[in-house]
Structures are given as C-alpha cells and as structure tokens.
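Q: I'm just starting out with protein structures and would love a close look at one single part. Could you walk me through a helix and what surrounds it?

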Amino acid sequence: MSKLTYVATENAPAAIGPYSQAVKAGDFLFASGQIPLRPDGTLVEGDVTVQTHQVFSNIKGVLESEGLSLGDVVKATVFIKDMNDFAKLNEVYGEYFGDHRPARSTVEVARLPKDVLVEIEIVAYLGK
C-alpha cells in the first residue's frame, strides 16, 4: 500500500498529462508546476504579470483543498520564459507571499507547456 496521497481539486486546472496536481508524502505536499490555465483548462493570455496572477490562483486552489495556505510553502521553483521579465514576476510573487519568504529557485527556460511565460511549483509543510 502506497504511503502517498494524490491530490485533486476543481479549484485548479486538471493535470494535462500522467501526473497529479499534488502529492502528499510524509509531512509535505509536493505540488506540480502550475501554468496560467484557468480551472476550466482555458489559457490566460497576457504578459507575465497577468499570467503569474493566474498561476498563484491555481497554487492557492491546490493548497486550500488541503487546508493549507501560501504561508505553509517552504520552497518554490519558478520557471520563466524570459529573465527580462524577472522584475515583473518578482513583484507579483511578493504580493502573494508578503513577509513570508520560502526558499526559491528561478530559472529561465527555452519553452514551457502551451508556450506560457511562467510556471511555478511549490513544496508545502503539512504541519503534522
């Protein structure tokens, strides 16, 4: 019997491949990368600022489905299409995390699913 629990919520887009929105393992929740899709699967058009707001909406949807919030995030990995957009992305990121400062990595990538501008994955502490 697996010690993993798979998470699925209608408050974030369904996985577009053979993976889960998130997996609980031990004291942590590992969320798959979120891109700027609405929960109904439609793509949010716009610049990195608009797309990052949708990404955070999706992350919050996954976290809230498990009784968590952004304050429980311990690590974020940010994938960005163009590092020239870093300042805009960072501004939105700061709006959501406020004074909370999870560990973070940010990397520029050649391409993201559906040719979006940003993808963010998180690890959250379940506090058990």
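A: Happy to! The buried residues of helix α2 pack against four elements: α1 (48-65), β4 (73-80), β5 (103-108) and β6 (118-125). Keep in mind as you look that this is a predicted model.

Let's start with the helix itself. α2 covers residues 86-97, twelve residues in total. From its first C-alpha to its last, α2 reaches 16 Å, close to the 16 Å expected at 1.5 Å a residue.

Now for its two sides. Leu 89, Val 92, Tyr 93 and Phe 97 are the buried residues of α2. If you look down the axis of the helix, these buried residues fall within an arc of 130°, so they line one face of α2. On the face turned away from that buried side you will find the exposed residues Ala 87, Glu 91 and Glu 95. At the end of the helix, α2 is followed by Gly 98, which has a positive phi, near 55°.

Next, let's visit some of the neighbours. Strand β5, one of the elements that the buried residues of α2 pack against, contains Glu 108. The relative accessibility of Glu 108 is 47%, so it counts as partly exposed, since the exposed class begins over 50%. Leaving aside residues up to four places away in sequence, Glu 108 touches Ile 80, Lys 81, Asp 82 and Met 83. By contrast, 24 Å separates the C-alpha atoms of Glu 108 and Gly 41, which are 67 residues apart along the chain.

Helix α1 and strand β4, also among the packing partners of α2, have a loop between them, and Glu 66 sits in that loop. Glu 66 forms a salt bridge with Lys 24, with their closest N and O atoms 2.8 Å apart. This pair links distant parts of the chain: Lys 24 belongs to strand β2 (residues 22-25), 42 residues from Glu 66. Lys 24 has a relative accessible area of 19%, so it is buried, the cut-off being under 20%. Glu 66, at 27%, is partly exposed.

The count comes to two salt bridges, and the other one joins Arg 111 and Asp 115, whose closest N and O atoms are 2.5 Å apart. Here Arg 111 is exposed, with a relative accessible area of 61%, while Asp 115 is partly exposed at 49%.

One last stop is the surface. Phe 28, Phe 30, Val 74 and Tyr 125 make a nonpolar surface patch of about 330 Å². Of these, Phe 28 lies in strand β3 (residues 28-34) and counts as partly exposed, at 32% relative accessibility.

Key
Residues numbered from 1 in each chain as written. Predicted model: local features only at pLDDT ≥ 70, side-chain atom pairs only at ≥ 80, totals over all residues. Heavy atoms only, no water. Helix = DSSP H or I, 4+ residues; strand = E, 2+ residues; numbered from the N terminus. Expected span 1.5 Å × (residues − 1). Buried < 20%, exposed > 50% of the residue type's maximum accessible area, 1.4 Å probe, protein only. Arc of directions from axis to C-beta. Contact = heavy atoms within 4.5 Å. Patch = residues over 30% accessible without salt bridge, like charges linked within 9 Å, V, L, I, M, F, W, Y side chains within 5 Å. Areas by Shrake-Rupley, 256 points an atom, 1.4 Å probe, with all protein chains shown as cover. Salt bridge = Lys/Arg side-chain N within 4 Å of Asp/Glu carboxyl O.
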